[in-house]
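Take a look at the model below. This report goes through its inner space, its domains and its ligand.

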Amino acid sequence: MSVKLPIYLDHAATTPCDPRVVEAMLPYFTEIFGNPGSRNHQFGWRAEEGVDAARRQVADLIGADHKEIIFTSGATEANNIAIRGAANMYAKSGPGTTGRGHIITSTIEHKAVLDPCKRLQKEGFDVTFIEPPKDGIVTRAMIEGAMRPDTILVSIMWANNEMGTINEVPQIGALCHEKGVLFHTDATQWVGKMPTDVEKDNIDLLSFSGHKIYGPKGVGVLYVRRRKPRVRLQALVDGGGQERGFRSGTLNVTGIVGLGKACEIARAEMDKDGERLLALRKQLEQAITSQLDVVQINGHAEKRLPHMTNISFGFVEGESLMMATKEIAMSSGSACTSASLEPSYVLKGIGVGDDLAHSSLRISLGRWTTSEDVEYAAQAIVRAVKKLRELSPLYDMHQEGIDISKIEWQAH
Ligand code: PMP
């Protein structure tokens with residue numbers, strides 16, 4: 001079987017809509033176009049029925065009650081509502097209090113978590129940024145070590161968007177519940193790929209986006225726990241009071257219906273997809289590591305999502321490698337930061353040196369990736385790396401057994 005070029009291996013950045021999702025959405029553009037807030041006629045009722053059905057499909061995927069699902073424009077907005085909304089609602093005040101409260105997160109979170117936390121820092125909250133070790137895993141013990149009597153919120157992503165590494169989310173959730181601290185997880189890369197149960201996994205607030213799970217862009221979810229404990233949040237946007245007042249604004253009905261369908265499909269197919277993708281990822285890693293020296297797979301060897309890998313190729317620039325393999329869509333660093341040539345803060349955050357952080361590729365497989373695609377991509381990458389290294393005097397020196405790190409370069 002021949003492969004169809006270009007090959008898309010950047011599913012951690014976004015996924016194509018599943019045709020079944022598009023089909024479910026179509027009637028809501030034209031025939032069922034009502035505003036679900038229009039309570040007084042059939043057009044509104046029918047749109048509301050579509051939204052309600054989607055709410056249940058989403059809730060079923062993550063083990064929540066449908067009343068606990070808030071629709072947003074994506075994970076970025078959901079993270080902001082969760083973190084800023086919770087911090088402002090649970091802020092300490094009154095005599096005897098020094099700061100407004102303590103928040104724990106990690107240095108390898110997505111910017112959509114880091115930046116709201118930094119904003120809160122400026123507004124008087126104390127924030128601890130946990131630095132995970134080389135394997136990239138944030139553990140319960142790390143959070144426990146950072147807990148303080150005034151901690152009000154912990155926000156730790158479930159799976160990292162650059163390496164796919166999986167944090168100890170259920171255990172961190174259990175700790176937070178023992179201590180009476182709210183727990184938020186950015187589950188954008190996790191939900192729809194791996195089983196999720198907000199009850200068993202001890203989660204109070206959870207965010208994700210439709211477009212990472214073969215749904216449409218511009219729609220996402222914030223799960224907000226309603227009991228044990230009932231989570232309260234200060235809204236960021238005021239208006240018509242939709243979504244229990246947490247997120248005012250007319251609902252994106254087509255997007256929501258599509259997201260619901262994407263959740264239903266993910267729930268039914270994730271086990272099968274996950275197994276297939278793990279085999280493909282192993283095929284890819286094996287093909288690359290068996291043919292090249294000085295390559296490193298970043299993050300924990302096993303505790304990773306099945307469909308993605310992050311590989312550093314010594315003596316090669318990530319950007320040059322991508323230019324040399326233009327028929328394959330991959331990412332050097334995450335899409336959101338790849339406009340800059342700064343090495344990935346996530347890789348640097350777990351102690352990968354500047355050189356290897358600069359030479360890394362994130363490769364993420366998806367629902368329609370075939371074994372032939374993977375084989376083609378692996379061979380193209382291997383060819384390109386070998387060719388680029390032919391031009392590298394440093395690689396020559398490495399092959400001659402010279403330790404590059406010990407060389408004292410002369411500045412002129
Ligand atoms: N969090 C994580 C972990 C992500 O991977 C992304 C998408 N790159 C986001 C948040 C933001 O998602 P969106 O752009 O859909 O709001």
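The largest cavity holds about 110 Å³ of space. This is a predicted model. In total, the structure has 2 cavities of 30 Å³ or more.

Which residues come closest to the centre of the largest cavity? They are G192, K193, M270, D273 and L277. These five belong to a lining of 13 residues. By class, that lining splits into 5 nonpolar, 4 polar and 4 charged residues.

Where does the largest cavity lie with respect to the two domains? Both domain 1 (7-13 + 270-400) and domain 2 (19-265) supply residues to its lining, so the cavity lies between them.

The domains deserve a closer look. The protein is divided into domain 1, made of 7-13 + 270-400, and domain 2, which covers 19-265. Their C-alpha centres are 30 Å apart. The two also touch: 30 residues of domain 1 are in contact with 33 residues of domain 2.

Now to the ligand. It has 13 residues around it. T76, D186, S209, H211 and K212 come nearest. What classes make up this shell? The count is 3 nonpolar, 8 polar and 2 charged residues.

Several side chains place a polar atom beside an oxygen atom of the ligand. The table lists three such pairs.

| Residue | Side-chain atom | Ligand atom | Distance |
|---|---|---|---|
| S209 | polar atom | oxygen | 2.5 Å |
| T76 | polar atom | oxygen | 2.6 Å |
| Q189 | N or O atom | oxygen | 2.8 Å |

How much of the ligand does the protein cover? On its own, the ligand has 400 Å² of accessible area, and the protein covers 86% of that.

Two of the residues in the table, T76 and S209, are also among those that come nearest to the ligand. To trace the picture in the model, begin at the largest cavity between domain 1 and domain 2. Then turn to the ligand and find the side chains of T76, Q189 and S209.

How values were computed:
Residues are numbered from 1 along each chain as its sequence is written. This is a predicted model: local features need pLDDT of at least 70, side-chain atom pairs count only at pLDDT 80 or more; totals for chains, interfaces and linings use all residues. Side-chain values use heavy atoms; hydrogens and water are left out. A residue is near a molecule or strand if one of its heavy atoms lies within 4 Å of it. A polar contact is a pair of N or O atoms within 3.5 Å; within protein, one must be able to donate a hydrogen and the other to accept it, and residues adjacent in sequence count only if both atoms are side-chain atoms. Accessible areas come from the Shrake-Rupley method with a 1.4 Å probe; for residues, only the protein chains shown count as cover. Ala, Val, Leu, Ile, Met, Phe, Trp, Tyr, Cys and Pro count as nonpolar, Asp, Glu, Lys and Arg as charged, and the others, Gly among them, as polar. On a 1 Å grid over the protein atoms alone, a cavity is a set of points where a 1.4 Å probe fits but cannot get out, and a pocket is an open set with protein on both sides within 12 Å along at least five of seven lines; lining residues have an atom within 4 Å of a point. Grid points are joined across faces, edges and corners, and a volume is the space filled by probe spheres set on the points. Domain bounds come from an automatic or database domain assignment. Contact means heavy atoms within 4.5 Å.
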